[in-house]
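Welcome! Open the structure in your viewer, switch on a cartoon view, and get ready to select a few things along the way.

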Amino acid sequence: MLLPRLTCNLLRAPLTESGPPVPEVTVAALAERLEAASRARLGRSLAIRHVGSGSCNGCELEINALSGVVYDLERLGLRFVASPRHADVLLVTGPACRNMTEAVQRAWQCAPEPKWVVAVGDCAVDGGVFRDSYAVEGGVGQVLPVDLVIPGCPPMPGLMLEGLLALVEAQREDAEPQPGPLRNEPEF
Ligand code: SF4
């Protein structure tokens with residue numbers, strides 16, 4: 001019984017759908033521009049730290065794809081770091097869960113200036129599908145000063161690259177990040 005089933009599974013094509021085609025030239029151009037912009041602004045490559053504030057892990061899968069074989073950001077110097085103390089950008093996913101508020105704010109406080117907060121995914125933007133939950137404050141902007149929002153459920157990796165590029169290019173090379181409409185310094 002088992003052998004025919006195993007043979008059948010080995011011989012038939014995968015049932016999963018193929019992913020959308022990746023515009024490799026566009027992605028490479030975006031990543032190179034982002035690397036150049038971060039070198040001009042920071043004098044080195046951009047260091048990114050992911051912070052989960054209660055997401056379903058869908059956004060994390062897309063963020064992980066940035067380090068995978070297709071996007072492979074690290075070939076250009078852009079890298080994910082293990083601690084917010086080494087990060088320029090905090091990529092925050094998920095809604096602002098009440099139980100995670102202190103941890104997320106402590107991660108933000110640990111990051112050195114200049115630092116930017118990017119809310120990744122619909123949940124981080126405004127709470128998304130978890131918006132009405134008793135356990136959720138709303139979007140990440142409720143607990144952190146957000147500099148950029150990247151909507152989508154989940155957003156594609158290319159969209160994250162575009163967002164990061166726009167964020168870094170928008171910073172003046174000779175100035176610290178200025179408070180903007182989305183950057184309200186919180187009172188922790
Ligand atoms: S935006 Fe979508 S994929 Fe991302 S954490 Fe929310 S529900 Fe999950």
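Here is a short tour, from the whole chain to a single residue.

**Stop 1: the whole chain.** Keep in mind that this is a predicted model. Show everything first: the chain has six helices and five strands. Starting at the N terminus, you can trace them in the order α-α-β-α-β-β-α-β-α-β-α. Along the principal axes, the C-alpha atoms fill a box of roughly 65 × 45 × 25 Å. Of the 188 residues in the chain, 40% are buried.

**Stop 2: strand β1.** Select residues 47–52, which form strand β1. This strand is mostly covered, with five of its six residues buried.

**Stop 3: the partners of β1.** Now add residues 79–80, strand β2, which pairs with β1 in the parallel sense over two bridges. Look for alanine 47, whose bridge partner in β2 is arginine 79. To see how the chain gets from β1 to β2, colour helix α3 (residues 58–65): the path runs through this helix, and the β-α-β crossover is right-handed. Next, add strand β3 (residues 89–93), which is also parallel to β1 and pairs with β1 over five bridges. Here arginine 49 has leucine 90 as its bridge partner.

**Stop 4: alanine 37.** Move to helix α2 (residues 24–42) and pick out alanine 37. Is this residue buried or exposed? Alanine 37 counts as buried because it has 20 C-beta neighbours inside 10 Å. Leaving aside residues up to four places away in sequence, alanine 37 touches Leu165, Val168 and Glu169. Finally, select alanine 166: 129 residues separate it from alanine 37 along the chain, yet their C-alpha atoms are 9.4 Å apart.

Technical notes: Residues are numbered from 1 along each chain as its sequence is written. This is a predicted model: local features need pLDDT of at least 70, side-chain atom pairs count only at pLDDT 80 or more; totals for chains, interfaces and linings use all residues. Helices (H or I, at least four residues) and strands (E, at least two) are DSSP runs, numbered from the N terminus. A residue is buried if 20 or more other C-beta atoms lie within 10 Å of its own, exposed if 12 or fewer, and partly exposed in between; C-beta atoms are placed from the backbone. Two residues are in contact if their C-beta atoms, placed from the backbone, lie within 7 Å. Two strands pair if DSSP finds at least two bridges between them. A crossover is right-handed if, with the strands pointing away from the viewer, the path from the first strand over the helix to the second runs clockwise.
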